[in-house]
Amino acid sequence: RGSIFIYNTIDYKNNILEERFMDNKSLKITITAMAVVINIVLGTVVSAIKIPFLFMDTLGTVFAAITLGPLYGAIAGGVSNIIMSLGNPASMPYALVNIAVGVIAGFMAIKFRFNIKIAIITGVILGIVCPLIGTPITIFLGGGFSGGAIDVVVAFLRQTGQSIFIATFVPRVFSNMIDKIATCIIASIIKNKIPKRLSTKLEEV
């Protein structure tokens, strides 16, 4: 009888753990889906109203990454670009940039407490890494031009004798630096507003 009781107790605890795992997984999937929506909606709105130096198409990615980890951040980033490519096929290759954002922000959040200071540092890192990945894509797709106001700077640098990579990369570092720092700060503020109970639940396995 004692062994049966122990077995039933262990089985009951396993069932509870499994239910908690499933609930936690469902919550993470829901937040990741919300992150994708945030990327698409904000990216579309900011692009339409043409706010200078801002894209805001990775805010959901950064939020998912610092809240759930680099894997979910990468998924949110990649899925966002896949969906956006349905209306604009050129968005597809830039999924590599969005995935990189999720991975880097996620690992920064694991290594450090993602406060404003770390958000700014992460933004600076992303402001360099994203153009490094995106510049070759832009050169391949449009010869360094993307159809935005930044093309004027690219054309000017080309006329001064700069290589196509430098002419395409340099102005994008400036705009990405502003956008990614702002994105990381906003994501940090939102994350720190999450109730402690929910935050603890998201950290559970």
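Helices, in these legends, are DSSP runs of H or I that hold at least four residues, numbered from the N terminus. The views are all taken from a predicted model.

**View 1. Threonine 32 in helix H1.** Threonine 32 lies in helix H1, which covers residues 2-49. Because its relative accessible area is 7%, and buried means under 20%, threonine 32 counts as buried. When residues up to four places away in sequence are not counted, threonine 32 touches Leu68, Tyr72, Ile75 and Ala76. Of these partners, Tyr72 and Ala76 are among the buried residues of H3.

**View 2. The overall helical arrangement.** The protein contains eight helices and zero strands, so that its pattern, read along the sequence, is α-α-α-α-α-α-α-α. Of its 205 residues, 38% count as buried. Among the contacts in the protein with a separation of 6 or more, 69% are accounted for by residues 24 or more positions apart.

**View 3. The largest nonpolar core.** This core has 23 residues, and those with the most contacts inside it are Val62, Ile66, Phe114, Leu126, Cys184 and Ala187. At least two residues of the core come from each of helix H2 (59-68), helix H4 (95-111), helix H5 (116-142) and helix H7 (164-192). In soluble globular proteins, nonpolar side chains tend to be buried together.

**View 4. Valine 62 and cysteine 184.** Valine 62 belongs to helix H2 and, with a relative accessibility of 0%, counts as buried. Although valine 62 and cysteine 184 are 122 residues apart along the chain, their C-alpha atoms are separated by 6.6 Å. With neighbours within four places in sequence left aside, valine 62 is in contact with Val101, Ala105, Thr183, Cys184 and Ala187. On the same basis, cysteine 184 is in contact with Val62, Phe114, Ala119, Thr122, Gly123 and Leu126.

**View 5. The crossing of H2 and H7.** The axes of these two helices, H2 and H7, come within 9 Å and cross at roughly 50°, and H2 and H7 are therefore oblique to each other. The crossing of H2 and H7 is right-handed. From H2, the contact is made by Leu59, Val62, Phe63, Ile66 and Thr67, and from H7 by Thr183, Cys184, Ile186, Ala187, Ser188, Ile190 and Lys191.

**View 6. The crossing of H2 and H4.** The axes of H2 and H4 come within 7 Å and cross at roughly 35°, and H2 passes H4 in a right-handed crossing. On the H2 side, the contact is made by Thr61, Val62, Ala65 and Ile66, while H4 contributes Asn98, Val101, Gly102, Ala105, Gly106 and Ala109.

**View 7. Helix H3 and its packing against H4.** For the 15 residues of helix H3 (residues 70-84), 1.5 Å a residue gives an expected span of 21 Å, which agrees with the 21 Å between its end C-alpha atoms. The buried residues of H3 are Pro70, Tyr72, Gly73, Ala74, Ala76, Gly77, Gly78, Ser80 and Asn81. The axes of H3 and H4 come within 7 Å and cross at roughly 160°; H3 and H4 are therefore roughly antiparallel to each other, and H3 passes H4 in a right-handed crossing. In this contact, Pro70, Gly73, Ala74, Gly77, Gly78, Ser80 and Asn81 of H3 meet Ala95, Asn98, Ile99, Gly102, Val103, Gly106, Phe107 and Ile110 of H4.

Technical notes:
Residues are numbered from 1 along each chain as its sequence is written. This is a predicted model: local features need pLDDT of at least 70, side-chain atom pairs count only at pLDDT 80 or more; totals for chains, interfaces and linings use all residues. Side-chain values use heavy atoms; hydrogens and water are left out. A nonpolar core is a set of buried Ala, Val, Leu, Ile, Met, Phe, Trp, Tyr and Cys residues joined through side-chain atoms within 4.5 Å. Buried means under 20% relative accessible area, exposed over 50%, partly exposed in between (1.4 Å probe, protein chains only). Contact means heavy atoms within 4.5 Å. The expected span of a helix is 1.5 Å times one less than its number of residues. Axes are lines fitted to C-alpha atoms, for helices over the stretch in contact, and angles run from 0 to 180 degrees between N-to-C directions. Angles under 35 degrees count as roughly parallel, over 145 as roughly antiparallel, 65 to 115 as roughly perpendicular and the rest as oblique. A crossing is left-handed if the near helix is turned anticlockwise from the far one by less than a right angle, and right-handed if clockwise.
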